[in-house]
Amino acid sequence: MKKIVLVLLAFVLVFSLAACGKSDDSAAGKTYTVGTDATYAPMEFMDKDKIVGFDIDFLKAVMKEAGLNYKVKNVGWDALFASVKQATEIDFGISSVTINDERKQTYDFSAPYFESTNLIMVKEGSSVKSAADLKNLKVAVQGATTADDIISDLKGKTSSDLKRFESNALAFLEMDKGGVDAVVADNMIINEYVKNNPDKKYVAISDSSFASEYYGLLLPKDSDLKAKLDPAIKTVLENGEYAKIYKKWFGAEPDLTNLNAQQ
């Protein structure tokens, strides 16, 4: 009898150790590497040597709710998409990435977590009142963004008046030195730049033809992370944590009507 009990105890111990090692998501398990392009203030940007912003705080709340360990790595915009596609350097991305049908062919997305639209930034006194007025003007965008798509449709993809840059920061710099007449980018990015640079006398212009867009976490195709992250995103949206983070970065309560409908 004693021998049988010892054998059973040994079996239970082995089974328990195997079960403990089965989940990579436990506190002692896998640490996910989350890629970003930290040039999108106030969404994600560098504060000295630290990555900060709305997306970074939101990610923290979601990963805590999901019980997942993580670290954030600043990899740049193009590298972000390449790395997620190959599922090598990073596990998934967060970088104000708009969910659209073209990207869905290559990537999966989490549930939407942010509503955005594009804006036009021009000098005070500009004759530009809408996107149509940009037809014969020089416009800067960040390449491979929805702003790039909008202006490409307006001016043609090969137009010499359409200047593409690796980041919005470089597009803004081109505007600052007079190389273009306007910049088109996400509303939060444009509004932040206008607010922080009052001496440059820029204004933000909306256009009714610019539809609402929704950001999602960028995932490799068929990733099992979606099933873990979506419930956490829903909880963060509903428990007041999202509103707290939004108010911290934008100074206002979020209107979650459209975002909740997207869930």
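This passage walks through a predicted model of a protein chain, from its overall make-up to one helix pair and one loop residue.

The protein chain has 263 residues, and 46% of them count as buried. Its secondary structure comprises 10 helices and 15 strands. Among contacts with a separation of 6 or more, 70% link residues that lie 24 or more positions apart.

A good place to begin looking is the pair formed by helix α2, residues 54–66, and helix α9, residues 241–250. The axes of these two helices are 10 Å apart, and the packing angle is about 160 degrees. Because angles over 145 degrees count as roughly antiparallel, α2 is described as roughly antiparallel to α9. The crossing of α2 past α9 is right-handed. On the α2 side, the contact is made by Phe54, Asp57, Phe58 and Ala61. Helix α9 contributes Glu241, Tyr242, Ile245, Tyr246, Lys248, Trp249 and Phe250. Sorted by class, the contact between α2 and α9 holds eight nonpolar and three charged residues, with no polar ones.

Attention now turns to a single residue, Thr117, which sits in the loop between strands β8 (114–116) and β9 (118–123). The side chain of Thr117 comes to 3.2 Å from the backbone oxygen of Phe210. A polar atom of that Thr117 side chain also lies 3.4 Å from the backbone oxygen of Ala211. Beyond its neighbours within four places in sequence, Thr117 touches Phe210 and Ala211 as well as Ala185, Asp186 and Asn187.

How values were computed
Residues are numbered from 1 along each chain as its sequence is written. This is a predicted model: local features need pLDDT of at least 70, side-chain atom pairs count only at pLDDT 80 or more; totals for chains, interfaces and linings use all residues. Side-chain values use heavy atoms; hydrogens and water are left out. Axes are lines fitted to C-alpha atoms, for helices over the stretch in contact, and angles run from 0 to 180 degrees between N-to-C directions. Helices (H or I, at least four residues) and strands (E, at least two) are DSSP runs, numbered from the N terminus. Angles under 35 degrees count as roughly parallel, over 145 as roughly antiparallel, 65 to 115 as roughly perpendicular and the rest as oblique. A crossing is left-handed if the near helix is turned anticlockwise from the far one by less than a right angle, and right-handed if clockwise. Contact means heavy atoms within 4.5 Å. Ala, Val, Leu, Ile, Met, Phe, Trp, Tyr, Cys and Pro count as nonpolar, Asp, Glu, Lys and Arg as charged, and the others, Gly among them, as polar. A polar contact is a pair of N or O atoms within 3.5 Å; within protein, one must be able to donate a hydrogen and the other to accept it, and residues adjacent in sequence count only if both atoms are side-chain atoms. Buried means under 20% relative accessible area, exposed over 50%, partly exposed in between (1.4 Å probe, protein chains only).
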